[in-house]
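Q: Before we look at anything, could you guide me slowly through how features of a structure are read?

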Amino acid sequence: MKYTFVINNHLTDNRLKTEHGLCIYLEANNVKILLDTGSSPETLSYNAQILGINLASIDYVFLSHGHRDHTGGLEAVINKNHSVKIIASKRLKNTHFYSERNNQLRDISTPIDLNQLHNQMIWIEDGEEKTINNFIKIFGNSSNIFPKPKANKNLKTKLPDSTEILVDSFEHELIFSVTTDDATLIFTGCCHNGILNILKSANEKGIKNITHIVGGFHLLDPRDGQTFESDDELLKIATFLQKNYPQTKIETCHCTGENAMKFFQQKH
Ligand SMILES: [Zn+2]
Ligand SMILES: [Zn+2]
């Protein structure tokens, strides 16, 4: 198994463009997968070309949740690739998403109408556990015992056939796991359900011996006069991970604040 960051808020390869978004290219048992697509088709096309990734040969695109910083680059793939399969929660159908900042709502919905891609879509129902090629598992969060990221309170949704804007409860967030002879990787998207709930969900699905946890943890630095997780709360998460996943490579990125990052770096 090998994976490469194609889009992230920070990238070490300075030939690449950065943006607020996440996209990872994963190759496992000769299957080529994009885990999310970043915010824009331009960045995805540009970075893929630099990295020598042929978007026309991608087998699957996995969309972790409905936010544009994960779904916005999809057009770059579907324009070049008519056989690619796109995996997403059925809850993304006709649902709108917003981020609230300084009392202003910004639309962060998926820019492409996924209904139009009906032949290419693999929709995941609530509670469904989907297995692909025997070594990839996709499922939703099933644990609510650990706290969820405090910054979720600024994220809103409008359900199909409704005009009401609600605080998002993130049932549309999916978890991706892949197991090969040499590794088991969990991709967490943004961890809107909380990294510890996501790992508990994976455990309930029988996913053991995780070698890699990759994704954003949505533990934001203070901003716009708001503070989110305290140092104490961040330390608790980092300590839990160190104790229960001592051998696991944890590659937290994207929407993990710099303060939170310090705790994970100290612990791993
Ligand atoms: Zn998100
Ligand atoms: Zn994100």
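Q: What spacing do the donors of the zinc ion (ligand 2) follow along the chain?
A: Donors are N, O and S atoms within 2.8 Å of the metal (3.2 Å for Na, K and Ca), and since water is not among the atoms, sites may look incomplete. Here the spacing is D-H-x119-C-x63-H, and Asp 69 and Cys 190 tie together parts that are 121 residues apart in sequence, because Asp 69 lies in helix H2 (residues 68–71) and Cys 190 in the loop between strand E14 (184–187) and helix H4 (195–204). Helices (H or I, at least four residues) and strands (E, at least two) are DSSP runs, numbered from the N terminus. The model is predicted, with local features needing pLDDT of at least 70 and side-chain atom pairs pLDDT 80 or more, while totals for chains, interfaces and linings use all residues. Residues are numbered from 1 along each chain as written, chains are lettered from A and ligands numbered from 1 in written order, and side-chain values use heavy atoms, without hydrogens and water.

Q: Which atoms coordinate the zinc ion (ligand 2)?
A: They are Asp 69 (OD), His 70 (NE2), Cys 190 (SG) and His 254 (NE2), at 2.1 to 2.2 Å.

Q: Are Asp 69 and Cys 190 buried or exposed?
A: Buried means under 20% relative accessible area, exposed over 50%, and partly exposed in between (1.4 Å probe, protein chains only). Asp 69 is buried at 12%, and Cys 190 is buried at 1%.

Q: In what order do the four strands of the open sheet lie?
A: Strands of a sheet pair through backbone hydrogen bonds, either parallel or antiparallel. In this antiparallel sheet the order is E7-E6-E11-E12, where two strands pair if DSSP finds at least two bridges between them.
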